[in-house]
There are 2 protein chains.
Amino acid sequence: MDTITIKDIANLCGVGVTTVSRAINNHPDISEDTKQMILQVIKENHYVPNNSARNLKRSASKTIAVLIKGITNPFFNRMLQVFEQETQKKKYSCILQRVDENQDEIDVAIELEKEKRLKGIVFLGGYFSHSKEKLDQLTIPFVLSTIGLTQEVDQDVYSWVSVDDFQESYKMTDYLCGLGHKKIAIISAGMDDESIGKLRYEGYRKALEHHGIKFNPNLVRCMKDDIESYSMENGYAVTRELLQSGEEFTALYAISDSLAVGACKAIFEAGKSVPEDYSVAGFDGLDISFYYNPSITTIRQPAEKIAKETIRILFDLIHKKTASEHRIFAAQLMARDSTKPLK
Amino acid sequence: MDTITIKDIANLCGVGVTTVSRAINNHPDISEDTKQMILQVIKENHYVPNNSARNLKRSASKTIAVLIKGITNPFFNRMLQVFEQETQKKKYSCILQRVDENQDEIDVAIELEKEKRLKGIVFLGGYFSHSKEKLDQLTIPFVLSTIGLTQEVDQDVYSWVSVDDFQESYKMTDYLCGLGHKKIAIISAGMDDESIGKLRYEGYRKALEHHGIKFNPNLVRCMKDDIESYSMENGYAVTRELLQSGEEFTALYAISDSLAVGACKAIFEAGKSVPEDYSVAGFDGLDISFYYNPSITTIRQPAEKIAKETIRILFDLIHKKTASEHRIFAAQLMARDSTKPLK
């Protein structure tokens, strides 16, 4: 079936294209009878008005985009739901765009801004070390959501929402130390990481230091490059290696809940138990951390609140109600069955 | 900062708007020097050409939409990743749109088609019982992905991709019967459900019948309306009630893995174990079904394949390489530690 054009409608109605356009756009300069007749023909022929033409007049395409690094992360999944829901409430649409680990998200954003006439952008996940010059190429508002910010970025200029990953990670490690653990392994991001992974690792280091525990580099186990980052599969593979290495530890802190679940599985398969042989802790507060057997001690991030606030700020920026905003949410340590005091 | 318009660029360059437009659109009727000068000014001023105007010339907005019922379902999360990836390969963008349980997805689709000049639509999840008349109002191609189709829909006219939910559910129930279980409870969708939930329930009924097991309505437990459907939380709540009811059963078949995880948690909390006291089985093949403790017997749907095929068919429809296609993928029964023969 060929697409019906405005010309076809004009021919069918025996009027000019301008008259059809007036009917569509509810222009005052057309009689009610003619308008109704034209709209009827449009309806019968399932004609979809060319929206680009209408956009030119209305000068607003109500679309925002969410650019995600790490789309497979279930933590982001919860946030996406809220993004979509809140955007819909504002009668906007939400384009979902994955960014590869090695892709420059600003280049992706600039391209998308042009192509889709976006009104705003949410950057979700990954890290942000772009120069002001580069960021200034983006002419629409954006908010950084749960993103690691490096020093180069002037944090005051841009809007962002997250938890304090350093502080929350410190809190978890401090908790494990408080249970008497001294040999605390960590499943962390790669050492070249500049994102939340780095901040969580630094919180771990700081807590050990405060407790006077000598840092043992053999207990730092980085996620594998060739497996999806922050995933159960990655935690499983890393923990298998740790157990096989023979390096002694009594607690294992994984910087995401999915990693922690994989770690538990590797421990069970090695014929050991949690928390009797090894205490295991995670980070994020996914549902599975509660439903797992045993339930997993974790840091619960308020994902819904973070997502809502991200969209709230983005629309305040779009409507020029604010110049920039920063919001850090407190997270909550959930002490559960996967950790216990060292005897 | 006000948005820079094409007029501003024209003024800055000392040329007319038409000349700027020619430079942008690589029109032959402009000298190379003038073009370069204009493009330089555009670059320096971060001017973003009005894309709707360009769209009119190019007459293509490269966007598809995915309309999801049940956006919180982790099974869909895996598929979304693939949708996004495959769409990006084709240089298209992907709009993500949630549809509420009580919303008419066709109305949402028609609205979106108009607003965004979509090239195609994927309907994901939920069920489909729309009349041909209604569906004909959509003038762009669409594919139904993992959707329950009711009799009213002429299946040959529309394209769809899924597993055979009835047959796969039969397979799982048949497996439990084969282990000697006769009192097999099911966590199913509501009895008014018309989607995959209904098909999976019917597969369960059929397998019981074939094994000569008398159907016991007290062992059919519907998901709760006021809790997210197919979720861990729902499986947990339903199983607690089942256990408290005192109704005897030896196996529990949940029609999603998330429900099965919640069910296991309720069983553990009641001081019972899986599979020693109760065999538990799920459906979908989520990662967590393997990493859970114990690992959960399930039906593994080939989510990536289903998603890829959905996009492949959609683009074949867009490019008029096909009129309609249907693809049913085989799923795989994964026998794991959460089920055992009845002693």
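Modeller: Welcome! Domain bounds, as used here, come from an automatic or database domain assignment. The model we are looking at is predicted.

Biologist: Thanks! How far apart do the C-alpha centres of domain 1 and domain 3 of chain A lie?

Modeller: Let's place the domains. Chain A is divided into domain 1, residues 6-58, domain 2, made of 63-162 plus 302-330, and domain 3, residues 166-301. Between the C-alpha centres of domain 1 of chain A and domain 3 of chain A, the separation is 63 Å.

Biologist: Is Ile328(A) buried, partly exposed or exposed?

Modeller: You can find Ile328(A) in strand 13 of chain A, residues 326-329. Beyond its neighbours within four places in sequence, Ile328(A) is in contact with Trp160(A), Ser162(A), Val163(A) and Asp164(A). Buried needs under 20% relative accessible area and exposed needs over 50%. The relative accessible area of Ile328(A) is 48%, so this residue is partly exposed.

Biologist: Which word describes how helix 8 of chain A lies relative to helix 9 of chain A: parallel, perpendicular or oblique?

Modeller: The axes of helix 8 (residues 165-178) and helix 9 (residues 196-210) of chain A come within 7 Å and cross at roughly 40°. Because of that angle, the relation of helix 8 of chain A to helix 9 of chain A is oblique.

Biologist: And how many charged residues are in the contact of helix 8 of chain A with helix 9 of chain A?

Modeller: Helix 8 of chain A passes helix 9 of chain A in a right-handed crossing. Among the residues making the contact are Asp165(A), Phe166(A) and Tyr170(A) from helix 8 of chain A, and Ile196(A), Arg200(A) and Lys206(A) from helix 9 of chain A. Sorted by class, the contact of helix 8 of chain A with helix 9 of chain A has 8 nonpolar residues and 4 polar ones, while the charged residues number 5.

Biologist: Let's try chain B. How many nonpolar residues does the contact of helix 1 of chain B with helix 3 of chain B have?

Modeller: Helix 1 (residues 6-13) and helix 3 (residues 32-44) of chain B pack at about 125°, with their axes 10 Å apart, and helix 1 of chain B and helix 3 of chain B are therefore oblique to each other. In the contact, Ile9(B), Leu12(B) and Cys13(B) of helix 1 of chain B meet Met37(B), Ile38(B), Val41(B) and Ile42(B) of helix 3 of chain B. By class, this contact of helix 1 with helix 3 of chain B has no polar and no charged residues, and its nonpolar residues number 7.

Biologist: Is Ser338(B) buried or exposed?

Modeller: Ser338(B) sits in the segment after strand 14 (332-334) of chain B. Not counting residues up to four places away in sequence, Ser338(B) touches several residues, including Val274(B), Tyr278(B), Val280(B) and Pro294(B). The relative accessibility of Ser338(B) is 0%, so Ser338(B) counts as buried.

Biologist: What separates the C-alpha atoms of Ser338(B) and Val280(B)?

Modeller: Along the chain, Ser338(B) and Val280(B) are 58 residues apart. In space, the separation of the C-alpha atoms of Ser338(B) and Val280(B) is 5.4 Å.

Biologist: What is omega near for the peptide bond from Val274(A) to Pro275(A)?

Modeller: Most peptide bonds are trans. The place of Pro275(A) is the loop between helix 11 and strand 11 (279-281) of chain A. The peptide bond from Val274(A) to Pro275(A) is cis, with omega near 5°.

Biologist: Where in chain B is Pro294(B) found?

Modeller: This proline has a cis bond too: from Asn293(B) to Pro294(B), omega is near 0°. Pro294(B) is found in the loop between helix 12 (287-291) and strand 12 (298-300) of chain B.

Biologist: Is Lys91(A) buried or exposed?

Modeller: Lys91(A) is not a glycine, yet has a positive phi of about 65°. Lys91(A) lies in the loop between helix 5 (74-89) and strand 2 (93-98) of chain A. Since its relative accessibility is 65%, Lys91(A) counts as exposed.

Biologist: Last one: is Thr146(B) buried or exposed?

Modeller: Thr146(B) also has a positive phi, near 45°, and belongs to the loop between strand 5 (142-145) and strand 6 (148-149) of chain B. With a relative accessibility of 7%, Thr146(B) counts as buried.

Key
Residues numbered from 1 in each chain as written. Chains lettered and ligands numbered in written order. Predicted model: local features only at pLDDT ≥ 70, side-chain atom pairs only at ≥ 80, totals over all residues. Heavy atoms only, no water. Helix = DSSP H or I, 4+ residues; strand = E, 2+ residues; numbered from the N terminus. Buried < 20%, exposed > 50% of the residue type's maximum accessible area, 1.4 Å probe, protein only. Contact = heavy atoms within 4.5 Å. Axes fitted to C-alpha atoms, helices over the stretch in contact; angles between N-to-C directions. Parallel < 35°, antiparallel > 145°, perpendicular 65-115°, else oblique. Left-handed = near helix turned anticlockwise from the far one by under 90°. Nonpolar A, V, L, I, M, F, W, Y, C, P; charged D, E, K, R; others polar.
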